[in-house]
Amino acid sequence: MVSAISIKDLHVSYYGTEAIKGVSLAVEPGNLVGIIGPNGAGKSTILKAMLNLIPSDKGEVKVLGRSIKEARKKIAYVPQRNTIDWDFPITVLDVVLIGTYPHLRLFRRPKKQEKAWALECLGRVGMQDYMKRQIGELSGGQQQRVFLARALAQNADIFFLDEPFVGVDVTSEETIVQILKELCRQGKTVIVVHHDLSKANDYFDQLILLNKELIGFGSVSQVFKPEIIEKAYKGQLAVLNETGVST
Ligand code: ADP
Ligand code: MG
């Protein structure tokens, strides 16, 4: 079986300072994987490097056994909410229609078929009633659901989401988690950057524990142990006790 994602000896730096140091791992299809680690651990960086949105110094990333370039259409990416310009005048439906573009032939505008598909994806996240609204008018949770709908519209095999639950209401969070779990049941692979340890156990099949280096990778029960978490969080153990990790 070909891995959904395989990374070999990945190194990434910003202006000479290493943010990711020699990470190697392979994720098999059908897993919901959390990337966890303290602030500044390189979680967003490794995600962007996997997607080839930023250059890496060294190493190899393969998606479904192919280079990112070749696998591009199979990949959906939902960036961190605070990196998006929410004042950009675009409707909810148009945001989701963008997800159908990789499948459009050159110079073809979206037609009935694409619109119907975009609406179906909006329906899956419970946002069909908001199709004509400007994206900037929605709450954080609603915006995140629309961006998930756009990712669904892409019909991707691998989904990357960066901190999808930050600034999101409980209902939206629950909706999003259920959809991600459903995608994995269909054999898709979902990678989620997530800083809140308290939910890691409920949400994920596997964890990538990061602090510049790879501290742990495997099933949640393998990685979610106080002695391993402590290695990544070092002095920040107080956080762990509050979340009940130290059992
Ligand atoms: P995380 O997502 O785990 O909080 P990041 O991947 O955003 O961490 O950042 C990892 C490290 O790289 C941090 O020290 C951060 O300050 C630095 N960094 C991130 N983006 C840039 C950038 N564009 N330019 C310079 N340094 C950056
Ligand atoms: Mg980040």
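Q: In which helix is the place of Glu-230?
A: Glu-230 sits in helix H9, which runs over residues 226-233. Note that this is a predicted model.

Q: Is Glu-230 buried, partly exposed or exposed?
A: The classes depend on relative accessible area: under 20% is buried, over 50% is exposed, and partly exposed lies in between. Glu-230 has a value of 37%, so it is partly exposed. As for its place relative to another part of the chain, its C-alpha is separated by 33 Å from that of Arg-145, with the two positions 85 residues apart along the chain.

Q: How does Ala-4 read on that scale, buried or exposed?
A: Ala-4 has a relative accessible area of 0%, and therefore counts as buried. Ala-4 belongs to the segment before strand E1 (5-14).

Q: Which residues does Ala-4 touch, not counting those up to four places away in sequence?
A: The list is Val-27, Glu-28, Pro-29, Lys-62, Val-63, Leu-64, Ile-158 and Thr-189. Separation along the chain can also be set beside separation in space: Ala-4 and Lys-188 are 184 residues apart in sequence, while their C-alpha atoms are separated by 8.7 Å.

Q: Why look for nonpolar cores?
A: In soluble globular proteins, nonpolar side chains tend to be buried together. Here the largest nonpolar core has 51 residues, and those with the most contacts inside it are Val-146, Phe-159, Leu-180 and Val-190. Helix H5 (residues 140-153) gives the most to this core, with 7 residues. Another core lies apart from it and has 28 residues, including Ala-71, Ile-75, Phe-160 and Ile-208.

Q: What is Val-146 in contact with, leaving aside its neighbours within four places in sequence?
A: Its partners are Val-92, Val-95, Val-96, Leu-122, Met-127, Ile-135 and Leu-138.

Q: How many residues of H5 are buried?
A: The count is 14 of the 14, so H5 is largely enclosed by the rest of the structure. From first C-alpha to last, H5 reaches 20 Å, close to the 20 Å expected at 1.5 Å a residue. After H5 comes Asn-155, whose phi is positive, near 55°.

Q: Why can a helix have a buried face?
A: An α-helix has 3.6 residues a turn, so residues three or four places apart point the same way. The case to read here is helix H6 (residues 170-185), with 16 residues and a reach of 23 Å between its end C-alpha atoms, close to the expected 22 Å. Its buried residues are Ser-172, Glu-173, Ile-176, Val-177, Ile-179, Leu-180, Leu-183 and Cys-184. Down the axis of H6 these fall within an arc of 165°, so they line one face of the helix. Val-170, Thr-171 and Arg-185 are exposed on the other side.

Q: What do the buried residues of H6 pack against?
A: They pack against strands E3 (32-36), E6 (158-162) and E7 (189-193), and against helices H4 (112-124), H5 and H7 (200-203). Following H6 is Gly-187, with a positive phi near 95°.

Q: Which residues surround ligand 1?
A: They are Tyr-14, Tyr-15, Ala-19, Pro-38, Asn-39, Gly-40, Ala-41, Gly-42, Lys-43, Ser-44 and Thr-45. For polar contacts, look at the N and O atoms. An oxygen atom of ligand 1 lies 2.5 Å from an N or O atom in the side chain of Thr-45. Backbone atoms take part as well: a polar one of Lys-43 is 2.8 Å from a ligand 1 oxygen, and an N or O of the Ala-41 backbone is 3.1 Å from an oxygen of ligand 1.

Conventions:
Residues numbered from 1 in each chain as written. Chains lettered and ligands numbered in written order. Predicted model: local features only at pLDDT ≥ 70, side-chain atom pairs only at ≥ 80, totals over all residues. Heavy atoms only, no water. Core = buried A, V, L, I, M, F, W, Y, C linked by side-chain atoms within 4.5 Å. Buried < 20%, exposed > 50% of the residue type's maximum accessible area, 1.4 Å probe, protein only. Helix = DSSP H or I, 4+ residues; strand = E, 2+ residues; numbered from the N terminus. Contact = heavy atoms within 4.5 Å. Expected span 1.5 Å × (residues − 1). Arc of directions from axis to C-beta. Near = heavy atom within 4 Å. Polar contact = N/O pair within 3.5 Å; in protein donor to acceptor, adjacent residues only side chain to side chain.
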